[in-house]
Amino acid sequence: MKQRPSFPARLDATLAKTRPNPHGAMATGPAPVAKPALKTVSSPAPAKAALPPVARAKAPSPLPQVPQGHGMDSQAVRQRMVQKLAGQGVTDRLVLGAMGAIERHRFVDSALVNQAYEDTSLPIGLGQTISKPGVVSRMIELLRNGATGRLGRVLEIGTGCGYQAAVLSLVADEVYSIERLRGLHEKARENLRHLRLANVHLLFGDGMAGYAKGAPYAAIIAAAGGEAVPQAWVDQLAVGGRLVAPVVTSGPGGGQALLVLDKTPQGVRQTLLEAVHFVPLKSGVA
Ligand code: SAH
């Protein structure tokens with residue numbers, strides 16, 4: 001059983017408040033930034049006026065100790081990460097709020113917890129990696145294409161440890177996420193359990209075929225790079241929808257770049273952006 005860092009405490013309660021509107025209405029409220037960890041701890045009833053000050057001083061501390069896992073307060077560290085992301089040019093309020101709310105340290109091995117809020121990809125087992133926060137936020141911002149409210153239904157190819165699916169769950173109404181490696185599919189299920197995200201659907205299968213039952217999707221995001229975008233993804237994208245995926249741009253084992261594909265009534269428009277480095281998109285399951 002993996003040792004979890006024990007810092008705070010109250011994400012379940014926080015996230016319960018930031019769940020999507022089940023009716024799919026556009027959320028216009030404030031971004032789902034995590035509330036202070038102690039918010040739900042109510043203050044003790046005021047001490048009786050007659051109580052002498054000395055007696056009050058002896059009363060038990062009204063606030064529980066906030067556990068400081070690995071010597072850091074994860075909320076403060078996450079907020080610093082969010083500030084860095086904003087400094088790198090991410091402006092989407094919902095994306096920044098979601099990056100600040102989801103505890104990335106819960107998705108990595110205990111030995112890597114101290115690096116969880118650095119802008120680095122980290123191993124998650126079976127030769128796969130959790131993407132850098134900078135790349136996750138950049139891709140989701142592109143995916144949202146300036147939307148002010150939540151996206152509708154989103155398909156993610158490559159669940160991995162489930163981190164990006166959790167972030168997506170705060171900026172979209174429904175998230176379908178497919179993973180081809182059973183071990184990671186199960187790991188994601190375990191990692192996401194504590195969040196009780198009713199709008200995340202984890203699927204085990206080959207994401208090359210997309211997931212037709214959930215189509216059409218307002219957005220599709222891939223966390224693994226192939227030679228080309230499978231036709232099934234384009235078919236399952238709604239008209240007006242956007243797909244963001246890494247694609248191989250040169251030769252075998254060559255570089256990858258981010259591809260943004262917009263499906264318009266006139267057809268498909270593709271834009272290649274900056275170089276990226278993702279694990280390969282593979283077919284079949286294992
Ligand atoms: N979004 C993930 C990133 C995981 S890395 C996270 O937050 O952790 C990309 C994942 O894509 C790997 O787990 C890999 O197994 C998976 N993958 C690669 N090809 C796939 C395919 N055809 N279908 C589904 N998943 C695939």
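In this predicted model, E179 stands opposite F204 of strand β5. These residues belong to a parallel pairing: strand β4, residues 172-179, and strand β5, residues 200-204, are joined over 5 bridges. The connection between β4 and β5 includes helix α7, residues 182-193, and the three elements together make a right-handed β-α-β unit.

On its other side, β4 pairs with strand β3, residues 151-157, again in the parallel sense and over 6 bridges. Within that pairing, L151 stands opposite A172 of β4. Helix α7 packs on the sheet, where α7 touches β4 and β5, and its direction makes about 160° with that of β5.

The two parallel pairings are set out below.

| Strand pair | Sense | Bridges | Residues standing opposite |
|---|---|---|---|
| β4 and β5 | parallel | 5 bridges | E179 and F204 |
| β3 and β4 | parallel | 6 bridges | L151 and A172 |

Both pairings are part of an open sheet of 7 strands, whose order is β5-β4-β3-β6-β8-β9-β10 and whose pairing is mixed. The sheet is bounded by β5 and by β10, residues 267-276, the edge strands, each of which pairs on one side only. From one strand to the next, the twist averages 15°.

A further helix, α5, spans residues 133-144 and lies across β3, β6, β8, β9 and β10. Among these strands, β6 covers residues 217-222, β8 covers residues 237-248 and β9 covers residues 256-264. Relative to β8, helix α5 runs at about 155°.

Turning to the chain as a whole, its secondary structure comes to 8 helices and 11 strands. Of its 286 residues, 48% are buried. Among contacts with a separation of 6 or more, 62% are between residues 24 or more positions apart. The accessible surface is about 13,900 Å², and carbon and sulfur atoms account for 56% of this area.

Confidence in the prediction varies along the chain. The average pLDDT is 82, and 74% of the residues score at least 70. Over residues 1-71, however, the pLDDT is below 50, although this stretch has 98 contacts in the model beyond near neighbours in sequence. Where pLDDT is low, predicted coordinates should not be read in detail.

Definitions and conventions. Residues are numbered from 1 along each chain as its sequence is written. This is a predicted model: local features need pLDDT of at least 70, side-chain atom pairs count only at pLDDT 80 or more; totals for chains, interfaces and linings use all residues. Side-chain values use heavy atoms; hydrogens and water are left out. Two strands pair if DSSP finds at least two bridges between them. Helices (H or I, at least four residues) and strands (E, at least two) are DSSP runs, numbered from the N terminus. A crossover is right-handed if, with the strands pointing away from the viewer, the path from the first strand over the helix to the second runs clockwise. Axes are lines fitted to C-alpha atoms, for helices over the stretch in contact, and angles run from 0 to 180 degrees between N-to-C directions. Contact means heavy atoms within 4.5 Å. pLDDT is the predictor's confidence in each residue, from 0 to 100. Buried means under 20% relative accessible area, exposed over 50%, partly exposed in between (1.4 Å probe, protein chains only). Accessible areas come from the Shrake-Rupley method with a 1.4 Å probe; for residues, only the protein chains shown count as cover.
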